[in-house]
Number of protein chains: 2
Amino acid sequence: MFGLIGGTGAVGVAAGVAGAKATTGDAGHDGSHSQVVGFFGDHQAGIATPAQDRLHFAAFDLSPVASREALVELLTEWTNAALKMTAGQDVGTGAVTGDPSAPPDDTGEALGLAAAKLTVTIGFGASLFTDAHGNDRFGIAGRRPEQLADLPAFAGDALKAEISGGDLCVQACADDPQVAVHAIRNLARIARGTASVRYSQLGFGRTSSTTVSQETPRNMMGFKDGTANLKADDTDSMNQHVWVQDGDGPDWMTGGSYLVSRRIRMLIEPWDSTPLTEQERVIGRTKGAGAPIGRTKEFDPVDLDAQGSDGAPLIDLKSHVRLAHPTTNNGATLLRRGYSFTDGTDDLGRLDAGLFFLAYQRDPRTQFVTIQNSLAGNANDVLNEYIQHVSSGLFACPPGVKAGEYVGQALFT
Amino acid sequence: MFGLIGGTGAVGVAAGVAGAKATTGDAGHDGSHSQVVGFFGDHQAGIATPAQDRLHFAAFDLSPVASREALVELLTEWTNAALKMTAGQDVGTGAVTGDPSAPPDDTGEALGLAAAKLTVTIGFGASLFTDAHGNDRFGIAGRRPEQLADLPAFAGDALKAEISGGDLCVQACADDPQVAVHAIRNLARIARGTASVRYSQLGFGRTSSTTVSQETPRNMMGFKDGTANLKADDTDSMNQHVWVQDGDGPDWMTGGSYLVSRRIRMLIEPWDSTPLTEQERVIGRTKGAGAPIGRTKEFDPVDLDAQGSDGAPLIDLKSHVRLAHPTTNNGATLLRRGYSFTDGTDDLGRLDAGLFFLAYQRDPRTQFVTIQNSLAGNANDVLNEYIQHVSSGLFACPPGVKAGEYVGQALFT
Ligand code: HEM
Ligand code: HEM
């Protein structure tokens with residue numbers, strides 16, 4: 001591993017971050033300050049900050065020989081690198097300005113590009129606390145939050161282990177995909193010897209609006225997605241449903257949030273052969289305006305009791321919106337922040353496309369798990385005829401950091 | 001197949017295109033005329049038009065039972081759909097405006113999006129003329145151009161058949177990836193029963209500038225790519241090197257161009273471990289400015305005879321730029337129009353990233369083949385230590401069309 005800092009541990013950290021901090025006032029790759037999402041704060045950026053257009057997500061596994069010190073050094077270097085990249089700067093001594101007889105600290109493909117609102121959000125999987133053999137490799141097993149309980153198996157799951165789980169995750173979002181790709185690549189490079197990529201996922205288009213001012217995008221089923229999403233502008237709701245509060249569990253997670261990731265393949269061909277009215281019945285909203293069935297405007301309230309002239313419920317009993325709605329789930333809600341993906345075609349020539357579902361929450365046990373239990377299985381949400389969950393992840397994303405700290409520091413001190 | 005037009009063949013064509021044309025004056029998905037690249041013209045759009053930021057490329061195979069009539073109908077419907085989508089409109093009767101008891105004509109995920117400079121460029125592979133068993137399935141074997149000769153095997157090739165070749169190709173480029181993805185998906189849908197996707201490739205960032213005013217982007221090796229590219233503004237060069245001229249071969253290709261596609265995997269990890277000076281030696285240009293070695297500015301001329309103070313050539317004898325340069329290749333040059341890709345990670349946890357190389361030319365035999373022969377093999381271009389060609393395609397892209405025609409019409413009449 002190369003790095004900004006000489007030593008490992010707390011001293012190196014402070015020096016490293018301070019060094020990077022000293023340059024965050026400088027111009028970015030493109031010589032401008034534009035498009036920078038601040039790195040420091042109570043919460044990690046990339047959760048409540050407005051969803052950017054593109055995603056590169058990666059899950060990492062620690063090397064079997066990595067020590068606690070190596071893990072701390074990795075988190076320190078990731079913090080330093082994330083701080084610089086989110087400010088639109090090169091990692092370390094840069095792509096072209098370091099010692100020319102050494103491999104450059106930065107791979108260079110973001111040279112000249114703006115920060116593009118890059119955010120880097122880091123999370124810890126359950127296997128970081130207790131590995132597959134039950135070992136407490138890093139001396140943190142006792143600090144694993146109850147909320148980081150393995151997700152149960154859901155009806156209809158078709159999960160592939162090799163694209164599920166992971167000791168660590170990094171969600172890199174930006175308005176320019178090259179900036180997001182550059183971020184993951186350079187973090188993977190920094191990790192070499194300590195951790196390696198288990199799987200990664202590109203998302204070409206956001207499927208959620210996360211603030212009231214953001215327009216609702218359309219997912220690969222052609223429907224507006226994110227209409228009834230929890231909005232990050234609503235601080236009370238965020239505290240109630242997204243941010244871990246004092247007393248919820250171990251202190252190191254206070255101000256953090258739990259991320260559930262699900263790669264959900266859409267069975268595009270059957271969906272595309274389905275009549276419009278049936279598509280709308282399945283979702284529970286109209287395709288054009290995105291209004292609840294029976295209403296005309298996107299933000300008209302969802303009234304699950306509304307009936308048509310025939311006395312039948314307007315929003316079908318098995319529709320996605322009804323089954324996902326808070327009133328159906330003891331008030332459970334989520335901050336959805338997913339992305340559409342298209343990864344070529346499968347062996348049968350079918351488009352391998354869908355939703356890389358990402359959702360943040362305060363307690364997955366009462367939020368994602370409750371909602372997904374109500375959705376999962378063909379007896380429930382009719383949407384299941386057209387989708388399949390193929391990967392799953394659950395990560396504890398620690399709170400934000402101040403200058404001189406590394407992400408997750410409170411877990412190791 | 002559903003479609004704009006009732007019948008098949010020439011009558012349906014004219015009606016269909018006229019119908020679509022009548023609406024091209026209307027507002028696009030987002031209610032604006034902005035960002036539309038015209039569909040009609042002497043040449044297909046997507047070649048000389050400025051390279052957009054994102055790509056979705058797909059190769060299709062005709063069904064074993066598809067007739068010549070079905071192929072003509074497919075090209076007709078593709079033309080109609082491309083005309084509408086490039087104008088920022090829905091396919092057919094639209095995503096939400098058709099008969100609600102039928103599957104919508106358009107899948108809807110581009111509703112509300114601008115045309116985003118979408119271009120749709122269609123090409124014909126050699127297997128369309130003569131299939132694997134030597135059969136003249138569509139009665140066009142006699143009209144196969146000599147230029148559409150199978151590419152030879154090159155030293156170092158590691159081609160996978162399942163992601164190479166194809167009877168037809170569609171290059172969809174747009175500044176919004178969702179628009180490019182939407183285009184391929186809807187064309188694939190229209191093709192159902194007649195042709196199916198053989199493979200497809202997303203490109204997240206352009207790697208070439210194709211006009212003098214476009215800034216040169218950086219590829220995944222961090223280098224500016226496209227500096228010495230043939231520029232589409234240079235009409236004389238385009239006629240000499242890109243557009244098929246009268247008398248070059250069968251008339252139906254006059255005004256068209258030959259597309260070579262190569263998926264080139266980059267061995268990112270070894271590259272990232274290479275010192276800056278070595279990276280620059282390999283390419284033959286500086287990483288920062290993109291200047292020829294020994295010069296300072298990107299557009300300083302490439303002087304292959306220039307020597308350093310030690311008498312050694314400044315641009316290394318095995319550098320990519322020297323071996324690819326026209327003077328090394330009997331004057332051969334190309335219009336490069338490729339895209340960077342990142343498709344997750346491979347079994348070994350290595351980033352599956354690289355360049356989806358696309359290049360247009362008048363005669364592949366004296367252009368791509370000549371240059372690639374000079375590059376291929378470890379004895380030649382030192383870049384080969386860091387790359388591997390894993391797929392290959394060669395397509396004859398017919399000229400542009402007028403209203404009432406379908407792409408490739410002259411081949412079938
Ligand atoms: C490919 C799979 C999925 C698709 C295509 C999809 C699509 C949609 C759409 C179109 C809406 C209506 C617009 C909106 O309010 O955002 C919606 C709402 C919602 N979805 Fe999904 N969704 C999927 C998976 C999931 C999953 C896995 C969950 C959580 C377990 C979920 C939770 C929700 C919630 C909570 C709502 C808001 C319901 C309400 O309060 O009205 N969705 N989804
Ligand atoms: C991953 C593989 C490749 C990479 C990373 C790459 C990269 C580059 C770079 C950085 C340049 C210098 C900037 C420029 O003038 O555009 C360049 C030039 C060029 N490349 Fe490539 N290239 C690759 C593959 C190819 C292939 C397969 C061909 C054609 C067979 C090709 C043909 C050319 C040509 C013709 C030039 C311009 C040379 C000159 O006239 O100075 N490249 N390439």
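Trainee: Which helix of chain A gives the largest share of the shell around ligand 1?

Mentor: Helix 9 of chain A does, with 4 residues. A helix is a DSSP run of H or I with at least four residues, a strand is a run of E with at least two, and both are numbered from the N terminus. This is a predicted model, in which local features need pLDDT of at least 70 and side-chain atom pairs count only at pLDDT 80 or more, while totals for chains, interfaces and linings use all residues. Residues are numbered from 1 along each chain as its sequence is written, chains are lettered from A and ligands numbered from 1 in the order in which they are written, and side-chain values use heavy atoms, leaving out hydrogens and water.

Trainee: What makes a residue one of those that surround ligand 1?

Mentor: One of its heavy atoms must lie within 4 Å of the ligand. For ligand 1 this gives 28 residues, with A:G226, A:A228, A:H320, A:H325 and A:R336 the closest.

Trainee: Why is the pair formed by A:A228 and ligand 1 called a polar contact?

Mentor: A polar contact is a pair of N or O atoms within 3.5 Å; within protein, one must be able to donate a hydrogen and the other to accept it, and residues adjacent in sequence count only if both atoms are side-chain atoms. A backbone N or O atom of A:A228 lies 2.8 Å from an oxygen atom of ligand 1, so the pair meets the limit. The side chain of A:R336 also places an N or O atom 3.0 Å from an oxygen atom of ligand 1.

Trainee: Which polar contacts does ligand 2 have in chain B?

Mentor: Among them are a backbone N or O atom of B:A228 at 2.8 Å and a side-chain N or O atom of B:H325 at 2.9 Å, each from an oxygen atom of the ligand.

Trainee: Why is B:N384 called buried?

Mentor: Buried means under 20% relative accessible area, exposed over 50%, and partly exposed in between, with a 1.4 Å probe and protein chains only. B:N384 has 16%, and therefore counts as buried.

Trainee: Where is B:N384, and what does its side chain reach?

Mentor: B:N384 is in the loop between helix 9 (368–375) and strand 10 (387–397) of chain B. Its side chain reaches the backbone oxygen of B:L375 at 2.7 Å and that of B:D381 at 2.9 Å.
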